[in-house]
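Biologist: Before we talk, please put the model on the screen. I want to ask what stands behind the terms.

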Amino acid sequence: MKFSIEREAIHKELQMANRVVPVRSTLPILTCVLLNVEDSKLRISSTDIEVTISSEVDVGNSENGSVAIQSKLLNDIIGVLPQGELTLSSDEKNFVTIECSSGSYSIAGKSPEDFPAVPVLEDGETIKINNEMMHRIIEKTAFAVSADMLRPALTGVLFEFKDDKLTTVATDGHRLAKLSINKSTGIKEDKRIIIPKKFLSLILSALSGSEENNFTVTENHVMITLGSTKFFTRIIDEKYPDYSSVIPTENDKEINVKVEGFLSSAVRVSIFANKTTQQIKLTISNNNIKISSADPESGGSGSEDIDCNYSGEDIEIGFNSEYLKDILRQIDTDDLIMTLKAPISAGLVYPAEQAENEVYTILLMPIRLTEEA
Amino acid sequence: MRRTIIAHLDLDEFYVAVERIKDPSLKNKPVVVGGSQTGRGVVSSASYEARKYGIHSAMPMYQAMKLCPHLIRVGGKFREYSKYSSSVFNIVQEYSEFVERTSIDEGYIDLTDSVIKLKRTAIQLAEEIKRRIDKDVGLSVSFGIGSNKMMAKIASKHAKPNGILEILSNKEESFLKPMNVGIIPGVGPKTKERLNNLGITSIGELRGLSEKELTSRFGIHGEGLYKRARGIASSKLNSKRERKSISNERTFNVNIQTPAGLIPTITRISMRICEQMKEKEILARSVSLKLRYENFETITRTKTLSKASRNVGVVKSLVEQMIHYNFIPGRSIRLVGVRVSNFEPENIQTELNFMR
């Protein structure tokens, strides 16, 4: 195998590829990237078995062939080479040589046969999703994904295609974020798939511009194509809990409040919350929210009052301040609407004005208030 | 300086007594609680009538049945026992705010302040508590009173059954002197044997050894032995005694040959343990499995959770995993047990329904 390429061009691809490479693995080959040259095209692949990245760049001076190379080592050297063209070649013993203006370097590579095959997707359905929308979906839901490996279904975001529309949901049991997009996706079949958070974070960092990406779904995989790079992931093969049954419909106490003021008060007051419970108390009465916290362990406490629009009966409710801040940061309108029912039932938060063609809902479970706050 | 007064409360043949409240026909008969009719498992509690046959708790059931063929065995309704125990300690707490419950049927009460506040002697208080427990709960109890926990406990052992014994502080040394060294808390069969080998059987003889001699032979325990032989021990009560673990196990009537055969029992045990955690408002981070093979070889394995839980499904699935890894084909299982430990206070964060 042999090819020549501008350092910049290959470095960018290798950095992306390296993002899925596991630091250590029971399968040592996974710490490598696979380089494969065919007809003046270099394909760079990396995988952790669950998630795979495969990208393609044009190369010159090429001879077909492939080799696997330690991803970190290759990134380390390519990252510090001078600008300009480099030539990389490998022999039949997988011995790799890199030549460029600064000198030449050798790496013992590995047999490409040991590298897991890049998934081949058959019988899939492909739709186009706008990059901006994809970005928004991930940003608005992924924060609520659970890290608990004992509930694998909750470690990803649910993409529910129903009647051609898409609803995305994430929850860790304490909070739930749901973004429904009221626009035709062009998908023919209803589908419920759970996409791992790791994959979505990767996509989020690779997304740019407002182009459309190809979103391909098969029985076991999802593939998103961005430019010449394909991102594959296995779908989490679990049943997602019935999220719609837990979203309350009878929250009769509606509060309208400025997001910025609410968030900055929450940030200040939460500094005095107990470090274990992160408990913060909202006392909501006529057009006023009192935000307070107290930590008997440290002896500290904080309290602020902010204006709101509320005329219902007084209510006191406790939340984990970290969760509350996370949620307030997701609301990008000036005002938000919070609806509550009782101190120990789920609260809902919406932007005061929903963006065009979407309905964004966040649910937050309260903390049972203890005496201290 | 005020004299410290500690009382040790010990419910008489507790499990049997509760069973007799539920079924009075069991009175005056040799009764044991625990094990199974087929002669497996062990005796948890034996009535005084049964004890006459040499039956004692922790004795294998088949042995007990051999000693007394007309022995009546009743099932362990442990949740029921726990209720009775709580009623007893609720009464006790009216008399002192310093109460240490050491087990389901035993505990210490610090009466130092109570005698002044309630203007009665320790004996009078013990009599009154005893009467209340008899009248309100229907259980018989024995009290030992002394200047520290050790003396109180030794006294209650002598007061049993249905009695009260106070060891006055100036009589402690002479009271202890003729006693067998085995009565000292912390002197188990091993230490006792080592002492016997030195020709020491009574506490009086133990006092003959200097502190230096004892430490050179028994290490740090030597110092404790020296003190306890002289009636010196802690009187500090651990009022909020925290439980370190909750466990439950079961001996099978017929050995189980496959992992699948263990599942119904695992499910039942896990449910019971999780219920107990719920009552105590705690979550556990560690789950352990105990397996005893047909040849009595016993193993325990522990797994730790990333997040504390008391979800039956979580506990069960961890136990199942451990069974899977540790089941040896061709072997069979005589006993299975589950223990949860590493407790955290209940999360006050509420959860969506599907998490439960």
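Modeller: A salt bridge here is a side-chain nitrogen of Lys or Arg within 4 Å of a carboxyl oxygen of Asp or Glu. By that criterion, a search of the whole structure finds 34 salt bridges over all chains. This is a predicted model, in which local features need pLDDT of at least 70 and side-chain atom pairs count only at pLDDT 80 or more, while totals for chains, interfaces and linings use all residues. Residues are numbered from 1 along each chain as its sequence is written, chains are lettered from A and ligands numbered from 1 in the order in which they are written, and side-chain values use heavy atoms, with hydrogens and water left out.

Biologist: Why is the contact of A:Arg175 with A:Asp326 called a salt bridge?

Modeller: The closest N and O atoms of A:Arg175 and A:Asp326 are 3.1 Å apart, and the limit is 4 Å. A:Arg175 lies in strand 13 (residues 175-181) of chain A and A:Asp326 in helix 6 (residues 321-330) of chain A, so the pair ties together parts that are 151 residues apart in sequence. Helices (H or I, at least four residues) and strands (E, at least two) are DSSP runs, numbered from the N terminus.

Biologist: What makes A:Arg175 buried, and what is A:Asp326 counted as?

Modeller: Buried means under 20% relative accessible area, exposed over 50%, and partly exposed in between, with a 1.4 Å probe and protein chains only. A:Arg175 has 8% and therefore counts as buried. A:Asp326 has 26%, so this residue is partly exposed.

Biologist: How do you know that A:Asp252 and A:Lys253 form a salt bridge?

Modeller: Their side chains meet at 3.6 Å, N to O, which is within the cut-off. A:Asp252 is exposed because its relative accessibility is 57%, whereas A:Lys253 is buried because its value is 10%.

Biologist: What links B:Glu49 and B:Arg20?

Modeller: A salt bridge, with the closest N and O atoms 3.1 Å apart. The pair links distant parts of the chain, with B:Glu49 in helix 2 (residues 48-51) of chain B and B:Arg20 in helix 1 of chain B, 29 residues apart. B:Glu49 has 19% relative accessibility, so this residue counts as buried. B:Arg20 is buried as well, with 8%.

Biologist: Which residues are linked in a network of salt bridges?

Modeller: A:Arg136, A:Lys140, A:Asp332 and A:Glu358.

Biologist: What makes A:Glu122, A:Asp123, A:Glu219, A:Asp237 and A:Glu238 a negative surface patch?

Modeller: Patches are made of residues with over 30% relative accessible area and no salt bridge; like charges are joined within 9 Å, and nonpolar side chains (Val, Leu, Ile, Met, Phe, Trp, Tyr) within 5 Å. Asp and Glu count as negative, Lys and Arg as positive, and His and the chain ends are not counted. A:Asp237 is exposed because its relative accessible area is 74%. A:Asp237 lies in the loop between strand 17 (229-234) and strand 18 (253-258) of chain A.

Biologist: How do you know that strand 5 and strand 6 of chain B pair?

Modeller: Two strands pair if DSSP finds at least two bridges between them. Four bridges join strand 5 (residues 99-103) to strand 6 (residues 106-110) of chain B, and the strands run antiparallel. Within this pairing, B:Glu100 has B:Tyr108 as its bridge partner. With two residues between them, the two strands form a hairpin.

Biologist: In which sense does strand 2 of chain B pair with strand 4, and in which with strand 3?

Modeller: With strand 4 (residues 72-74) the sense is parallel, over three bridges, and B:Val31 is partnered by B:Ile72. With strand 3 (residues 43-46) the sense is antiparallel, also over three bridges, and B:Val32 stands opposite B:Ala46.

Biologist: What is notable in the backbone at A:Asn287 and at B:Asn28?

Modeller: A:Asn287 has a positive phi of about 55 degrees although it is not a glycine. A:Asn287 sits in the loop between strand 19 (279-285) and strand 20 (288-295) of chain A, and is partly exposed because its relative accessible area is 36%. For B:Asn28, phi is positive too, near 60 degrees. B:Asn28 is in the loop between helix 1 (14-22) and strand 2 (31-34) of chain B, and at 65% counts as exposed.

Biologist: Where is there a cis peptide bond?

Modeller: Between B:Lys160 and B:Pro161, with omega about -10 degrees. B:Pro161 lies in the loop between helix 7 (149-159) and strand 8 (164-166) of chain B.
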